[in-house]
Amino acid sequence: MAESVLVLDVGGTKTLAALVRGAEVLAEARVPTDATASPDVWIDAAGREAQAWAGRFDRVVAAVTGIVADGRWSALNPGTLAIPDGFPLEERLRTRFCVPAVALNDAQAAAWGEYRHGAGQGADMVFVTVSTGVGGGIVLGGRLVRGRGGLAGHFGIAYPLPEDSAFAHVEDGIAGRWVAAEAAREGHGLDARGVFEAAGRGEAWAEALLSRQAHRASRLLANIQLAIAPDVIVVGGGIGLADGYLARLEAALASTPPVRRPRLVAAALGTRAGLVGAADIAKQDAV
Ligand code: BMX
């Protein structure tokens, strides 16, 4: 019997397809997530990459941006990726790949990956991804805490602004799309990666923008520390793992009182945290 798992990690910017055995990513392919397309198109794009691995996996798991409840997939923040409400993801995966399937949130999968094989082993930990959006997952006492709504640890989403009756998104003032939008406002047509590169070259505007970002993000991390008091907060995601980002967060947290100051570490599995965590969960949960 095949011992490997096919994992699809669908994020707001890119989709990874991988063949995973234990903590080992045997093969991996990356395709852009076309935000203007639909879930069937995203699954198909990943499925084409997986064709080369046919017969080598006996289950499939999708770790996706957004919420998965009862096998159905929806967006929390359509700005990150506009998933139609209640898309029958697990069913489509079963039909498409003809093996048992399971789906879960991408950040929760990455939290579990880091706990099992990465920077959070044996610890009470929180994982925070700073990427297209901001997501998270909590592992306490060796268990992935999913909560009654299935999405405990989700830190990117809603808080009411006093001047606004609608809900705003924390991530809309922190994550990749915000960084790019701020850069554009200042006359620089760059994505978040480009802004980090500009800061690396010592460009003052980029430095100031990233420092603003780090201060905002540090407040979120301090709140998480106060609420959950984990041993460690593992930081991942495209921005989270960008060169020098952790140092920026540390600097922003420097004057924070100890009870709110987290111990930060970079995701040891890098962009593979979600793949590895999802594969592990698939072994238990796929139906
Ligand atoms: C958003 C939300 C989360 C996700 C997080 C990181 C959507 C579509 N996504 O907060 O579920 O975990 O982004 O996602 O509502 P990424 O695409 O940035 O990895």
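Before we start: two strands count as paired if DSSP finds at least two bridges between them. Keep in mind that this is a predicted model.

**Exercise 1. Work out how β8 and β9 pair, and place them in their sheet.**

Step 1. Take strand β8 (residues 125-130) and strand β9 (residues 134-140): they run antiparallel and share 6 bridges. With at least two bridges needed, they count as paired. For a spot to look at, find T129, which sits opposite G135 in β9.

Step 2. Now widen the view. The open sheet has 5 strands, ordered β10-β9-β8-β13-β14, and its pairing is mixed. β10 (143-145) and β14 each have a single partner strand, so they are the edges, and one side of each lacks a neighbour in the sheet. On average, neighbouring strands here are turned by 30° against each other, direction ignored.

Step 3. Add the helix. α6 (residues 204-228) packs on this sheet and touches β8, β9, β13 (232-236) and β14. Its direction makes about 160° with that of β8.

**Exercise 2. Trace the other sheet, beginning with its hairpin.**

Step 1. Strand β2 (residues 14-21) and strand β3 (residues 24-32) are antiparallel partners over 8 bridges. A17 faces A29 of β3 across this pairing.

Step 2. Look at the turn. β2 and β3 make a hairpin with 2 residues between them, and G22 in that turn has a positive phi of about 60°.

Step 3. Go to the other side of β2. Strand β1 (residues 4-10) pairs with β2 in the antiparallel sense, this time over 6 bridges; V10 is opposite T15 in β2.

Step 4. Put the order together: β3-β2-β1-β4-β7, an open sheet of 5 strands with mixed pairing. β3 and β7 (101-105) are the edge strands, each pairing on one side only. From one strand to the next the twist averages 20°.

Step 5. Finish with helix α3 (residues 106-117), which lies across β1, β4 (57-64) and β7. It runs at about 95° to β7.

**Exercise 3. Find what E28 pairs with, and say which parts of the chain that links.**

Step 1. The partner is R272: the two form a salt bridge, with the closest N and O atoms 2.9 Å apart. The cut-off is 4 Å, so the pair qualifies.

Step 2. Check the positions. E28 belongs to strand β3, while R272 is in the loop between β14 and α8 (273-285). They are 244 residues apart, so to speak, distant parts of the chain joined by one pair.

Step 3. For context, the structure holds 13 salt bridges.

**Exercise 4. Describe how the two domains meet.**

Step 1. Set the bounds: domain 1 covers 4-109 + 271-285, and domain 2 covers 121-267. Their C-alpha centres lie 23 Å apart.

Step 2. Count who takes part: 13 residues from domain 1 and 21 residues from domain 2 are in the contact.

Step 3. Give the area. The domains bury about 1,300 Å² between them, with 55% of it on carbon and sulfur atoms.

Step 4. Look for charge pairs across the interface: the rule finds 0 salt bridges between domain 1 and domain 2.

**Exercise 5. Decide where to read the model with care.**

Step 1. Take the overall picture: the chain's mean pLDDT is 92, and 94% of its residues reach 70 or more.

Step 2. Go element by element. Strand β14 (residues 264-266) has the highest mean pLDDT, 98, and strand β11 (residues 158-160) the lowest, 53.

Step 3. Draw the conclusion: where pLDDT is low, predicted coordinates should not be read in detail.

Definitions and conventions
Residues numbered from 1 in each chain as written. Predicted model: local features only at pLDDT ≥ 70, side-chain atom pairs only at ≥ 80, totals over all residues. Heavy atoms only, no water. pLDDT = per-residue confidence, 0-100. Helix = DSSP H or I, 4+ residues; strand = E, 2+ residues; numbered from the N terminus. Axes fitted to C-alpha atoms, helices over the stretch in contact; angles between N-to-C directions. Contact = heavy atoms within 4.5 Å. Domains from an automatic or database assignment. Buried area = accessible area lost by both parts, 1.4 Å probe. Salt bridge = Lys/Arg side-chain N within 4 Å of Asp/Glu carboxyl O.
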